[in-house]
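Colleague: Could you take a close look at one part of this model for me? I'd like to hear about the salt bridges and the helix that two of them share.

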Amino acid sequence: MDSSETSSVVNLPKQLRYEHFIRRVADTGRVWGLVRDGWAIGKTDDGSLVFPLWPTSELAQQCAVLEWEGYAPQEFGLQELFDELLPQIEADGILPGITYTPDEYGLTPSHAQLRADLQARSSQRPASRDHPAE
């Protein structure tokens with residue numbers, strides 16, 4: 001993702017950033033968080049804890065400022081998100097936060113909604129992408 005594409009995503013409204021996240025993560029199978037001594041955790045205005053997620057390392061890196069200064073992007077796979085991260089943060093009462101920007105919180109869908117949207121998009125991927133024609 002180049003810097004102009006990153007800038008255009010950052011400037012999208014929350015719902016469109018969410019839709020971009022779903023497309024990108026389902027297509028690449030990769031998700032990004034920020035980590036230092038532990039994962040970056042945010043809060044909503046009402047004090048709910050949020051685990052921020054991004055579709056690219058570049059978008060995550062832009063948020064490694066202020067309270068997350070010194071944090072670095074860390075990649076994990078879509079299957080790890082489904083099998084480990086979402087069940088863990090749900091059990092801990094932490095919401096997923098989708099594509100935070102340096103200036104704005106991300107959308108915080110339910111765990112079930114995020115899983116359903118990613119699974120629906122993943123099932124639409126063309127199978128031929130992984131198996132080029134010979």
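Modeller: Sure, let's begin with D27 and R121, whose side chains meet in a salt bridge at 3.1 Å, N to O. By salt bridge I mean a side-chain nitrogen of Lys or Arg within 4 Å of a carboxyl oxygen of Asp or Glu. This pair links distant parts of the chain, with D27 in helix 2 and R121 in helix 5, 94 residues apart. Helices here are DSSP runs of H or I with at least four residues, strands are runs of E with at least two, and both are numbered from the N terminus. D27 is partly exposed at 22% relative accessibility, and R121 is partly exposed too, at 24%. (Buried is under 20% relative accessible area, exposed is over 50%, and partly exposed is in between, using a 1.4 Å probe and protein chains only.)

Before going on, a word on where this comes from: it's a predicted model, so local features need pLDDT of at least 70 and side-chain atom pairs count only at pLDDT 80 or more, while totals for chains, interfaces and linings use all residues. Residues are numbered from 1 along each chain as its sequence is written, and side-chain values use heavy atoms, with hydrogens and water left out.

Helix 2 also holds R17, which forms a salt bridge with E104, the closest N and O atoms being 2.9 Å apart. Here again distant parts of the chain are linked: R17 belongs to helix 2 (residues 14–28), while E104 sits in the loop between strand 5 (95–98) and helix 5 (111–123), 87 residues away. R17 is buried, with a relative accessible area of 0%, whereas E104 is partly exposed at 34%.

R17 has buried company in helix 2, including Y18, F21, I22 and V25. H20 and A26 are buried there as well. As for the helix's length, its 15 residues should span 21 Å at 1.5 Å a residue, and the end C-alpha atoms are 21 Å apart, which agrees. That expected span is 1.5 Å times one less than the number of residues. After helix 2 comes G29, with a positive phi near 75°.

The count of salt bridges is three, and one of them joins E75 and R30 at 3.7 Å, N to O. E75 lies in strand 4 (residues 72–77) and R30 in strand 1 (residues 30–35), so this pair ties together parts that are 45 residues apart in sequence. E75 is partly exposed at 34% relative accessibility, and R30 is partly exposed at 37%.
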